[in-house]
Protein chains: 2
Amino acid sequence: MKDITLKQIAETLGISITTVSKALKNYPDVSAKTRKAVLDLANSLQYTPNSFAVNLRTKESRTIGLIIPEVVHHFFSNVINGIIAEAEKNGYLVIILQSNESLELEKKQVELLMSKRVDGIIMSLSNESNDDDHIKELIRREIPFVMFDKISKLVNCSKVIINDQKAAYNAVAHLINKGCKKIAHIRGPVNPQNAIDRFLGYKKALEKHDIVYNSKLVYTCDNVTFEEGKLFAEQIIKEHPDVDGVFVITDLVAVGVLDYFNEIGIKVPQQIKVIGFSNWFMSQVITPKLSTVDQPSYEMGVQSFCLLLEEMNCKKESLSFQPKTIELETKILERESTLEK
Amino acid sequence: MKDITLKQIAETLGISITTVSKALKNYPDVSAKTRKAVLDLANSLQYTPNSFAVNLRTKESRTIGLIIPEVVHHFFSNVINGIIAEAEKNGYLVIILQSNESLELEKKQVELLMSKRVDGIIMSLSNESNDDDHIKELIRREIPFVMFDKISKLVNCSKVIINDQKAAYNAVAHLINKGCKKIAHIRGPVNPQNAIDRFLGYKKALEKHDIVYNSKLVYTCDNVTFEEGKLFAEQIIKEHPDVDGVFVITDLVAVGVLDYFNEIGIKVPQQIKVIGFSNWFMSQVITPKLSTVDQPSYEMGVQSFCLLLEEMNCKKESLSFQPKTIELETKILERESTLEK
DNA sequence: GTAGTTTTCGAAAACGTTTTCGATACTTTA
DNA sequence: TAAAGTATCGAAAACGTTTTCGAAAACTAC
């Protein structure tokens, strides 16, 4: 019950390993007759090349690594889906690792993937990441590399992002158009670029519409959880009872906000309007249905892999590669939570 | 900028490759002095063994494959999480593939993983799977293999499951205890064992409580979606307006049911009580909060990997391995949707 | 029949590691 | 001092594939 090798086929056919290998790979310098003999035998024995040997010889594994903060997350699992689908279409497999939002773990995962010699790496930064040494090392070693969503602007590599600032601007402008005068913002942690950008979009939208920015109306999540949503909703009501709109970093937290408002009987959207971000599935089943910003997560995965593939192919042919940045479109999904009364 | 190899270290140190290899792997037959020299140089050059060569030589890749119906799914993403975590703890990486609930794709993925020569495979069957040839082939080739959740009873391999029948029985008994007299069941597709078992549990609970089973009250999902939940809820109301309880195959569908009831103003739990299955996150944020059966998904992932590891270790030492089945506990989570009035 | 061309094949090196086994050199013991 | 034992090292084979390059055979044309 041992694995079939080229050697065994060669021996039973009385020819050389070289010829067997060539026959299987359609080299022109093998006669039709021997090719057929080889193919027939290989099929009947169910020969599959030993990928360990192929890897060693060709120096590639047709495997890529993916590092994300967490798998159990509506946005990321959709990205994973896109990456896996596109990778498979191109004959690549995907190894997935989690950083659990820890910088230390993220560094370890990068090392792990490098030691496994994956052909390329796709990554979304953890919230803790404010140091790019491990990323720079990746670039220095010329390992094809793509970042998506949570990126570092300081690293020169391909990126797939949305325009967080613009999207946030539009979300807040949407609230203003619906009549909100005093808008709070529950923002993400301090490090991630997209949390910063969404905050900046919030601020800009206020300014453009002649609403004075008030830093007291900004609440900062540490863990970006449902519970934090409830907590900050409570604080908002206590500290600023006249708030009439809330822009929340992501739907999960926004759902926490809605849950609290439901509990204490605050009417959404009549008293306060709420808009989230990312279009999690649950936002369309909660009461009231949550308005949000649609983020093309699956497409983000697909594009990330495409960029990586381009870079991997360039590397294989020793061509130089210019990193690219792809910016995907977002759009406001108006649902019940921002309806005009 | 080439990769460092044993050969290079050996040459700069003027010793043999053998000795370098042994020094790095703490063989006893290398002197303290040379060991230190090797270790120092290896560290300063950031030597990492070429895993392709190691794989070829040792015939293992320290990589396992995972095939699941879909990544974007609360239950499966939690299982993934458990598997990845436990695998990493033991020095294994995980390649994830999706079957998209298609038998054909599932077979292809199995072949792919075999050709990649992963050390083992963990899998949950697709809904279409009613044929085990590809699984049997896996067993025949003696590839360590574990099934979880959606299993085939005909295959002799390790399994991690819950007692779906018992859990369903308890869920329906819970409805009955809360006063329900006429209980509908929205069941899963015809093939998967767990859909069958949950149906059987439903039937048994009725019988034990002297309620006559009525096949008209059973609705069968094809795709197990939110939309199907809404659809069947509508049918139930139309065809059996006196139904006062619904047991639903999984929370996603149950949430669809609740959504329809909310829309047309049917009060849950006053008029109809609803219980789901699996404890998806959204079930605790929807209105009313959904009662459900808690399924230890993360733990299922952990246990699956543990069983696989055991089998892989046995194989490595050429010991025989007896497949085991682990049955995990579930429990009823009582929330608003089954509250007594 | 010879020179040249084309077709078909295989030897061998290479990828980088692990491990067996034998060979030194050095130390201990009687 | 010789024999036995121990510590240290390295040659070489093996894992299975890919690819280069040269050789042999077959065929073409004159």
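**Exercise 1. Work out how many residues of chain B are in contact with chain A, and how much area the two chains bury between them.**

Step 1. Start with the head count: 50 residues of chain B are in contact with 50 residues of chain A. Keep in mind that you're looking at a predicted model.

Step 2. Now go for area. The size of an interface is often given as the accessible area lost when the parts come together. Here, chain B and chain A bury about 4,700 Å² between them, and 58% of that is on carbon and sulfur atoms.

Step 3. Pick out the big contributors on one side. In chain B, the residues that lose the most area to chain A are B:Phe52, B:Leu93 and B:Arg117; together they make up 17% of what that side buries.

**Exercise 2. Find the salt bridges and polar contacts between chain B and chain A, then describe the side of chain B that touches chain A.**

Step 1. Count the salt bridges: there are six between the two chains.

Step 2. Check one of them. A:Lys108 pairs with B:Glu88, with 3.4 Å between the closest N and O atoms. The cut-off is 4 Å, so a Lys nitrogen and a Glu carboxyl oxygen at that distance pass the test.

Step 3. Add the polar contacts: 23 residue pairs, both partners at pLDDT 80 or more, link chain B and chain A this way.

Step 4. See which elements of chain B take part. α4 (51-58), α5 (74-89), β2 (93-98), α6 (103-116), α7 (133-140) and α11 (251-264) each give at least two residues to the side that touches chain A.

Step 5. Sort that side of chain B by class: 22 residues are nonpolar, 15 polar and 13 charged.

**Exercise 3. Describe how the protein meets DNA strand D.**

Step 1. List the neighbours. There are 26 residues around DNA strand D, and A:Leu6, A:Tyr47, A:Arg57, B:Thr19 and B:Lys22 come nearest.

Step 2. Place them on helices. α2 (17-24) and α4 (51-58) of chain A, plus α2 (17-24) and α4 of chain B, each supply at least two residues. The largest share, four residues, comes from α2(A).

Step 3. Ask which part of the DNA is involved. Of the strand's atoms within 4 Å of the protein, 59% belong to sugar or phosphate, and the rest to bases.

Step 4. Look for examples of each. A phosphate oxygen sits 2.9 Å from a side-chain N or O atom of B:Thr34, and another example is a backbone N or O atom of A:Asn50, 3.4 Å from a phosphate oxygen. For the bases, a base nitrogen is 2.9 Å from a side-chain N or O atom of B:Asp29.

Note on methods: Residues are numbered from 1 along each chain as its sequence is written. Chains are lettered from A and ligands numbered from 1 in the order in which they are written. This is a predicted model: local features need pLDDT of at least 70, side-chain atom pairs count only at pLDDT 80 or more; totals for chains, interfaces and linings use all residues. Side-chain values use heavy atoms; hydrogens and water are left out. Contact means heavy atoms within 4.5 Å. Buried area is the accessible area (1.4 Å probe) that two parts lose on being put together, summed over both. A salt bridge is a side-chain nitrogen of Lys or Arg within 4 Å of a carboxyl oxygen of Asp or Glu. A polar contact is a pair of N or O atoms within 3.5 Å; within protein, one must be able to donate a hydrogen and the other to accept it, and residues adjacent in sequence count only if both atoms are side-chain atoms. Ala, Val, Leu, Ile, Met, Phe, Trp, Tyr, Cys and Pro count as nonpolar, Asp, Glu, Lys and Arg as charged, and the others, Gly among them, as polar. A residue is near a molecule or strand if one of its heavy atoms lies within 4 Å of it.
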